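Trainee: Could we go through this structure together, and could you show me how each term is earned from its value?

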Amino acid sequence: MGKARIGVYGLGTMGSALALNMAEQGVEVAVTNRETDWIAPFIAEAGPLAARLHPHDRLEAFVAGLQTPRVILFMIPSDAPMDAMLGVVTPLLSPGDMVIDGGNADFHDTRRRAAALAAHDLHFVGLGVSGGEEGARHGPSMMMGGSDHSWQQVRPILTAIAATHEGAPCVAHLGPDGAGHFVKTVHNGIEYADMQIIAEIHGLLHDGAALSPPEIAAIFTGWNAGPLRSYLVEITAEVLAATDPETGHPMVDVIKDAAGQKGTGRWTVIEALRLGQSASAIEAAVGARGWSAEKDTRQEAERVLGGAVGAITASAEALSEAFLAARILAYAQGFRVMAAASEEYGWALDPAQIARIWRAGCIIRADLLDDIAAAFAGGAPRGEMILAPAIAQRLAQTVPALRQVVAEAVHAGHAVPVLSGALAWYDTMRRGRGTAALIQAQRDRFGHHGFERLGQDGLHHGPWWD
Ligand code: 6PG
């Protein structure tokens with residue numbers, strides 16, 4: 001039996017789908033899994049693709065069954081299990097071999113692991129993979145971080161399995177060590193914001209305009225034919241139109257309103273704050289998931305504080321414009337966080353390239369990304385997406401509706417944390433002089449911290465210290 005070009009360790013949803021995708025592209029793939037009883041059913045269900053899948057029960061045989069230099073893709077939890085696995089597999093590898101972590105890893109772990117493996121002349125690649133099971137099976141968007149050498153080695157395989165947009169594969173080598181996992185983390189932060197924007201607008205239509213989920217589904221279907229066209233809008237229309245087979249009610253109405261989260265949104269916010277940024281739309285989305293999980297407290301609070309909300313009269317068109325404005329601002333914040341990290345870690349991330357590889361395959365794929373890619377490629381002033389002429393013009397057209405919708409929602413008691421958080425950032429950034437002079441005065445008054453004076457060098461103190 002010939003040796004396999006790549007090994008996939010971990011036959012969960014994403015690992016199996018990626019292994020099948022590779023096999024379909026003509027790649028010989030060795031496969032294994034910690035629970036060895038998963039392997040035979042996976043091969044049995046692979047149909048004709050099984051001919052290119054080489055199953056192994058033992059790690060040693062799996063490693064020995066790979067062409068050298070070896071390439072192993074791990075699709076396992078990226079926290080403790082990944083460290084444990086590296087401890088076991090490293091002694092089996094030879095200098096020049098490569099280990100890829102295809103999970104949602106904390107990029108700090110990726111940097112640490114890359115350095116640890118480099119000490120053994122091994123290459124570690126942090127690969128962000130987006131698109132869920134469908135994407136992994138038929139074409140994900142992939143964000144790679146690692147050495148140039150690693151990229152040259154895996155490029156043919158990743159290019160073959162990636163989603164394509166107008167013929168271009170949605171995969172790129174974004175930078176060294178943690179760059180790929182960082183960009184994937186911010187992708188997920190934007191995903192959280194976009195999902196929460198949709199949930200807030202659904203809430204306004206459902207609780208404020210008394211529309212049923214199927215009626216709202218029809219609105220979203222219409223929006224998906226315009227500038228909001230995106231995967232998340234498409235699947236939202238689909239889920240809102242679905243009926244619960246048990247009760248006959250709209251499916252969304254029988255789902256408990258407590259959102260789960262695995263951590264990538266939170267990491268985006270934590271890293272943004274560490275970098276001196278505030279991605280308010282993403283922060284608000286992460287926070288909203290946290291509040292949603294406090295179901296019992298909210299039920300008690302509704303009794304104590306009253307849960308009534310007023311009517312919303314904003315038109316569907318105004319809501320769609322508010323949605324687009326907030327979406328633009330959420331993306332802009334995500335790109336700012338990436339720019340700050342790129343500078344901090346010396347990654348030289350290319351925002352236009354990132355926007356391009358998000359055009360297909362990933363969860364946040366959206367028509368808007370064409371405009372974003374063009375805006376960055378055209379040289380956004382100061383690297384700020386919102387200052388690129390085409391984006392600034394879009395904001396000028398849509399922010400009035402965002403303002404109207406937020407005002408009406410706040411007045412009627414509907415929580416719209418992402419819509420309002422995005423607007424607050426926009427309103428802060430468009431003012432050359434803000435409110436922080438008073439913060440500086442207060443800091444100086446209580447702590448003698450000093451402040452800069454307009455038009456003068458040096459550190460100054462107020463008359464309260466005279
Ligand atoms: C993707 C998704 C994927 C996963 C998220 C969900 O790009 O394919 O982002 O990575 O669905 O991790 O995250 P939460 O469970 O935190 O919502």
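Mentor: Gladly, and please keep in mind that this is a predicted model. Let us begin with helix H8, residues 179-208, which gives five residues to the shell around the ligand, the largest share.

Trainee: What makes a residue count as part of that shell around the ligand?

Mentor: A residue counts if one of its heavy atoms lies within 4 Å of the ligand. By that rule 13 residues surround the ligand, and the closest are Ser 130, Glu 191, Tyr 192, Lys 262 and Arg 289. Divided by class, the shell has two nonpolar, seven polar and four charged residues.

Trainee: Why is the ligand said to lie between domain 1 and domain 2?

Mentor: Domain 1 (6-177) and domain 2 (185-429) both give residues to the shell, so the ligand lies between them.

Trainee: How do you know that Arg 289 makes a polar contact with the ligand?

Mentor: A polar contact needs a pair of N or O atoms within 3.5 Å. A polar side-chain atom of Arg 289 lies 2.7 Å from an oxygen atom of the ligand, so the pair meets that cut-off. The protein also buries 81% of the 420 Å² that the ligand exposes when taken alone.

Trainee: What makes H8 and helix H18 a packed pair?

Mentor: The axes of H8 and H18 (residues 417-429) are 8 Å apart, and the two helices pack at an angle of about 115 degrees. Their contact is made by residues including Ala 193, Ile 197 and Leu 204 of H8 and Pro 417, Val 418 and Leu 419 of H18. By class, this contact has seven nonpolar, one polar and one charged residues.

Key
Residues numbered from 1 in each chain as written. Predicted model: local features only at pLDDT ≥ 70, side-chain atom pairs only at ≥ 80, totals over all residues. Heavy atoms only, no water. Polar contact = N/O pair within 3.5 Å; in protein donor to acceptor, adjacent residues only side chain to side chain. Areas by Shrake-Rupley, 256 points an atom, 1.4 Å probe, with all protein chains shown as cover. Helix = DSSP H or I, 4+ residues; strand = E, 2+ residues; numbered from the N terminus. Nonpolar A, V, L, I, M, F, W, Y, C, P; charged D, E, K, R; others polar. Domains from an automatic or database assignment. Axes fitted to C-alpha atoms, helices over the stretch in contact; angles between N-to-C directions. Contact = heavy atoms within 4.5 Å.
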